[in-house]
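Colleague: Could you walk me through how the parts of this assembly meet? I'd like to go interface by interface.

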Amino acid sequence: MFKYSALVFGLLGVAVLPLLILAIFGSSSPYYLHLVIVIGIFSILVLGLDIVFGYTGEVSLGHSALFGIGAYTAGCMVHHQLLVGGSASGTIDILIAMVLGTIVAAAFGALLALPALQVTGPYLAMVTLAFGTIIGILINETDAITNGPKGITLVKPMLFDLRWLGDTIPMFKIKAALMKDVAFYYLVMATLLGTIVFVNRIVASHYGRAFEALRDSPIASDCMAVSVYKHKVLAFVISAALAGLAGSLFAYSEQYIAPNNFSFEQTIGFLLAVTMGGRKSRIGPILGAIIIVSLPALLGDLQLFRGIAALIAIVAVASGTYAQIKADPKDRIAILVPVLLCLAFFALSLFITNITDFKRSIYGLMILFVVYYLPEGIVGFLRKLVAQFVPGFGKTEHKIDVHGDAAHIWAPPASPALNANGSMIDVKGVVMQFGGLKALDTVDLNVQPRTIHGLIGPNGSGKSTMMNVLTGIYRPTGGDIQFANGSIVGAKSPDIAGKGIARTFQNVQLFGELSVIENVMVGLHHTYETGIAGVALRLPSAAREEQEARVRAASILGFVGLEALANEEARNLPYGKMRLLEIGRALALDPQLLLLDEPAAGLTAPDIKELIAIIRKIKEHGITVILIEHHMDVVMSICDTVTVLDFGQKIAEGKPATVQANPRVIEAYLGGTAAEPAH
Amino acid sequence: MLQVENLVAGYGKVQVLQGISLNVPDGQLVTLIGSNGAGKTTTLRALTGMIRPESGRVLLGGKDIAGMPAFAITKFGVAHSPEGRRVFPTLSVADNLELGAYTRLTGQRPKGDVKGDIDKMFDLFSRLGERRNQLAGTLSGGEQQMLAMARALMLQPQVLLLDEPSMGLSPRLVEEVFSIIGRLKKEKVTMLLVEQFAAAALEVADYGYVMENGKLTVHGPADKLKKDAAVRAAYLGAAH
Amino acid sequence: MAIKYVLLAAVLSAACAGAVQAQEPIKVGLSGPFTGGSSAMGVSMRDGVKLAVGEINAKGGVMGRPLVVVERDDEAKNEVGVQVAQELINKEKVVATLGFINTGVSLASQRFYQEAEIPVFNNVATGSAVTKQFPAPNYIFRNAAYDTVQSAMIVEEAIGRKGFKKVAILADSTNYGQFGKDDLLKALTAKGMTPVAVEKFNVKDTDMTSQLLKAKEAGAEAILTYAIGPELAQIANGMAKLGWKVPMIGSWTLSMASFIDPAGPNADGAMMPQTFIQAPTTPKRKAFIEAYQAAYKVDRIPSPVSAAQGYDSVYLLAAAIEQAKSTDGVKIREALESLKTKVEGVVTTYDAPFTKDDHEAISGNIPVMGIVKGGRVEAVDMKDLEGDKALRVKPKG
Amino acid sequence: MEILFQLIVSGIAVGMIYGIIAFGYQLTFATSKTLNFGQGEALMLGALVGWSTIRYLLSLGLSPMPAYLLMIPVVLVFGMMQGAFVELLGVRQAIKTKSEAGWIMATIALGIIFLNIAENVWGRDDLSFPSPLGNTSLNFFGVRVLPMEIVIVFGAIGMMLLVELFNRTSIYGKAVVATAADRDAAQLMGINTSRVITFSYALSSMVAAFAGIMVAPVTLTGATMGASLGLKAFAVAIIGGLSSGIGVVVGGLILGITETLTGYFISTGYKDVPGLILLLLVLSLKPAGLFGKTAIKKV
């Protein structure tokens, strides 16, 4: 409810702002109005960029080009008289241009993201950088479509005319040109508000959770059927669409666009806006947009620049002094550095007489400063600052208050799809070779449905490799794996997970920055059917799904005994609880087969008892389990069958007691020379 | 030679080692055994600076090396054959060995006869001699393990830390690895051996420590530990 | 804000001490690229403007009030130009703006001056469309040789005087090059010719082999260029590499130091229309060159044309303000359109240069063809700059 | 036919420049998984420092050839210092913070600052770089080649071979390879891996600076000369693969030759376009590059 009151206030502010500007600076001053319009347009783009840069952590250096594509979509329509622009139908035209700009930019975004995001690392940054240049060239070259370097002139339509109000409200006694600007201002602000709501909804939805999850642990995301690749592409396309939307508005606000409007430096500006304002927030990008739009003016006026430098120095000294008092003595020097830099910056500003010559350096230094000392942006910095005085500030954001119940733990039972021979999973002669190393050497593994199948063996015997082969992280060099009557060799992790194989990880792979319940809800991603549009429009079905997922997640947390910790950040859990959470998250996938990789490692004795009970219950609900474990008591007490691996080969298989007595197994465990009986 | 006092270490929030103390006397082979996840590898990683210990002291010949970065600790003569071998797959066998003597070749440790030592390694590990110019990534698991050990020996270390040299090897190769460890022992190389194969380790060691959940529970001369029922139980389960 | 203005005023008054005081200064905007690729022109123009402003203020200013230049770097970027325009108009409240090097920036930004009824003096940008963007009452003026004038001269030189039958056009892919290319094509068509090749290249291209080979293969006898310095040098050097030497005839940018220096000996013989050549052919020019050299401590002006036109633009504006006896934009425009005093400039003597419909101060007879010789620009025919030909004046009517 | 060869020859020279810059990207990417987005500026600084040095030497009365040769070591040392500076001040600091990909922003920012410094020191106009071999082109059966273009090809290959040789034979070079293969294990050998990473940045910038003084005599020298070269080299690095030495040479040649051929046979305006199409094709079909190796994920 808090959110809505903020929205109402925001709306009021936005509605009144142009009137204020006009009142203060006089009706002959469209300068500040234009500045606010450009800030609004840039904000739309930067909010979109934040989805890629802030949420998924990928760097795009092509947003200026996407912005240009949006602008040129509008421009070309006008240029070829497909849209009239400026006439009576201007309002409809501009709306059509906005829609088309969005779509075309999204299409280009997809074209770019589909190949570039296959690879992790700086590839997206490199490809988008190249893309930026090429788009510049294409716009320049395709004279027939874009009018080439000569640019396109558009006319801002009169969207609505309120000058008749001038009789009652003198503020509206303005010229027609200014009225156009005021009307256009409202259009931009309405679009910006729409964007904020849209981004808010996406980020709060299962998509938003997926974006954050894939950044924390890409492998775990893939194994939760949340394809890292697909969601990164999706995030990029959404982001590109918003860039296109902003571009189409920009074409109308500037009324003249040319290829060199959309430069590499602009892209850097956008990234600076996100970082400087503060990532993963709505205020941050808007703040960033304000800064980059006013930057040329700031750097153009020496006096103003000195004033700003002084202000920064004062803030730095104040917060630095405060931090000095509070900080660890070890960190004191580290804190001093940025404060001194700010002071030096102020001193420098007093000395230079010609600011234009050093503009780029100042710009570069700003970026460096933000990267080093404000990695969470101004918003993050302020949040931290306020949190110093108001304990707990900003921590209650993600609180989800639902209670689960036993009825919602399990998905409605479905009869599992088995292989022709009645097995749950059938591994035949699998070989996994890394260079000269055979981690798995022709291993067979036949797991019967509704059983707990233990997989044991000394360190390095190939157990974890087997897990990775089964979940598609490695593609085996030989052999076949049958699951649900089909081969899963060569299938990608998210697809295998989607077919019903869930897993936990030996070295815990939680989504650290998400809360405990959100971790489970990422596992429930597959239960959502609503698309982006449904989320954006907040369809009843979307809300229902979300509510169902919450209840389900809370129920699962109850089952693994973590309900009380539901709103903790996962990374703050004790180690043992992390392992339990991984099991809960895996159960959310409604798996037919659950792979547990050393679930008892690091657990205390009472925890282990609890774990055994949980695994038993999982089996009772018809889920087949493969269990890798070193705690022999666990293995011996709950497994129906045990397979022993040693140096990549299967050396024994059978009932736990039989396997335990097998001399080869004892030898494998105790080493070559100690095969004599124990007692 | 190597003395550990009250070492506390872990990863991020997870504290794995909860204050361990052990002693590796000069010229002796000491083994650290225990079940998986007990903290054996973490101990070695903390000793050689691959993770930064939270507290405690690591004395090498009386000098505290705790908290130094790994490359600096190596300079003092602590060689570490890490878990999972970690040979440099894109370099040849001979180059891997040469890198083992990096500190000697760059004047941080007495140089001696590096070429001669490489040849000695090829004598000691005859399988490697046949493959001196092959890329290490193409070796089999056992060969890689031997290369990792030989590479560590190239430091001419004060103390050699061996982390699970038997991991992933066939019994025949495990036997070979242990016979080499036996030979090194005869040459009075000071060693700390972390091993999951308790019996095999205790067979060659002079002294043993048993680790459980980040703590050292039992220790004593190797022959005594061999007969300790508690040790066996820790491995094959109490049910046995 | 208030404090800022107090500070600003304090600094300004300190700066103007010794000259005219106590009177409210007249603010003139200055927009040009002072950083980036075309900054050589921008800086020369700025320095020319400042030189003139200094002289005027030393003589008592305009209407007894000092001129103050509010300079802003438009970075040769359209969007920055737009922002600069809005700031100069609405925040700085300038009475007129001088400048614009880049046709694109000019086209993007001057609509705001037009709407605000503030005169703009384009003193370097040459795109033909610049002064024709708006119908009368038009606030856009220019004292630079625009592309139509230049193209006609280039084509006349190549076809008329030299008698070439086959020419190739090489233009860069910016709007400067492409607008210029269009004008060249028109001028050629007027002579009943078509070029044998029309090639373009991107700014910062390092290799011109493909473009030059195409021109060479087509049998071009001369290359007509529309580009800026560095790329022109690449063309000259590229031709030398291919062992192919035909005359380069192109727009005035062939006189830029950024062409002449990097091209070295390969630049020799390049011809271009010039409104101003750094040669003391009239007393006014002599004084200007010496003043410039003294003020900025250079021997060769980086872009003499930009400096001279920048210098002249200030005097034209000052004359108009004096005549209008007002700083009101409408009145200044009206005064410019009916300028009564002859303004003695460096480029020419401006005798009623503008009318209601003609906002171009430079006519086709004013520029002379210059040629690069030994690293300096000279007139193709030195007689063009001697005697009564030294000062060419726009014909009346 | 002559024309075709002429185009190919010009393409090779440009391509080798792209290739050697991309080679610089590889050097740092191997050891640190980061690369310098300001590599073009490293090239530019190298060229400008070379320009000043050679001007100074010429003013002492040296003839162009010895002056050029004497200038090379100065530029190489400068390049190494510049690269080390970028790593120490840009990449390392940025990686310390929580901000992901902060190093991308940091290297871009340093590039902008270098550009601005160069503008203020050497001016905004392009300068001409004295060519040690003169600007008279050689005529091979109608194909004209500048002597410097031949130097570029052999210089680039020579420099790459030298670096490779260093990596393969010297113990320090092997330390670089070891760090690239397994940073933790390299530490256990006593290798100060963070110093190796600084060193790889130094090497990378050195290579770029060298490319700068090779390309300067045939093009123009100025603050903005590096930007588009650095960018093209990105395309080359992706096409050839960030992990393959031969890849960048082939990638560079492919890009350089397609550019000149497209320029002549299609349109000079579109000459950069086939490069991007190739880039996107390679990324979709063989994401690790034509010659790159796909890394094994570690869980």
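**Where the parts meet**

Modeller: Let's start with one specific pair in this predicted model: Glu149(D) and Lys241(C) join their side chains in a salt bridge, 3.0 Å from N to O.

Colleague: How many salt bridges does the rule find across the interface of chain C and chain D?

Modeller: The pair to look at is Lys241(C) with Glu149(D), whose side chains meet. Polar contacts are a separate tally, with 8 residue pairs across the interface of chain C and chain D, both residues at pLDDT 80 or more. For salt bridges, the rule finds 1.

Colleague: Which three residues supply 24% of the area that chain C buries against chain D?

Modeller: Start with the contact itself, which takes 29 residues from chain C and 29 residues from chain D. Together the two chains bury about 2500 Å², with 54% of it on carbon and sulfur atoms. On the chain C side, the three that supply more than any other three are Lys204(C), Thr206(C) and Lys241(C).

Colleague: What is the split by class on the side of chain C that touches chain D?

Modeller: The rule gives 8 residue pairs in polar contact across this interface, both at pLDDT 80 or more. Elements of chain C that each supply at least two residues to that side include strand 7 (197-201), helix 8 (229-242) and helix 9 (257-263). By class, that side of chain C comes to 9 nonpolar, 11 polar and 9 charged residues.

Colleague: Which pair of chains has the most contacts among the 5 pairs that touch?

Modeller: Not every pairing is in play: chain B and chain C do not touch, and their nearest C-alpha atoms are 38 Å apart. One pair that does touch brings 51 residues of chain A into contact with 48 residues of chain D. The most contacts are indeed between chains A and D.

Colleague: What area is buried between chain A and chain D, and how much do carbon and sulfur atoms give?

Modeller: Charge pairing doesn't show up here, as the count between chain A and chain D is 0 salt bridges. Polar contacts come to 2 residue pairs, both residues at pLDDT 80 or more. The buried area is about 4300 Å², and the carbon and sulfur share is 73%.

Colleague: Which element gives the largest share of the side of chain A that touches chain D?

Modeller: The count of polar contacts between these chains is 2 residue pairs, both at pLDDT 80 or more. Four elements of chain A give two or more residues to that side: helix 4 (90-116), helix 5 (123-141), helix 11 (264-277) and helix 15 (359-373). By class, the side has 35 nonpolar, 9 polar and 7 charged residues. The largest share, 12 residues, belongs to helix 5 of chain A.

Colleague: Now inside the chains. Which side chain meets that of Arg300(C) in a salt bridge?

Modeller: Chain C is divided into domain 1 (25-145 + 278-362) and domain 2 (148-274). Their contact involves 14 residues of domain 1 and 15 residues of domain 2. In domain 1, Met41(C), Arg300(C) and Val305(C) lose the most area to domain 2, together 33% of what that side buries. Across this interface the rule finds 1 salt bridge, and the partner of Arg300(C), at 2.8 Å from N to O, is Asp261(C).

Colleague: And chain A: how many salt bridges does the rule find across the interface of its domain 1 and domain 2?

Modeller: Here domain 1 covers 2-293 and domain 2 covers 418-508 + 616-670. The C-alpha centres of the two lie 51 Å apart, and the contact takes 7 residues from domain 1 and 8 residues from domain 2. About 600 Å² is buried between them, 80% of it given by carbon and sulfur atoms. The salt bridge count is 0.

Colleague: Over which residues of chain C does pLDDT stay under 50?

Modeller: Taken as a whole, chain C has a mean pLDDT of 86, with 93% of its residues at 70 or more. The stretch you're asking about has 14 contacts beyond four places in sequence in the model. That stretch is residues 1-21.

Terms used: Residues numbered from 1 in each chain as written. Chains lettered and ligands numbered in written order. Heavy atoms only, no water. pLDDT = per-residue confidence, 0-100. Contact = heavy atoms within 4.5 Å. Domains from an automatic or database assignment. Buried area = accessible area lost by both parts, 1.4 Å probe. Salt bridge = Lys/Arg side-chain N within 4 Å of Asp/Glu carboxyl O. Polar contact = N/O pair within 3.5 Å; in protein donor to acceptor, adjacent residues only side chain to side chain. Nonpolar A, V, L, I, M, F, W, Y, C, P; charged D, E, K, R; others polar.
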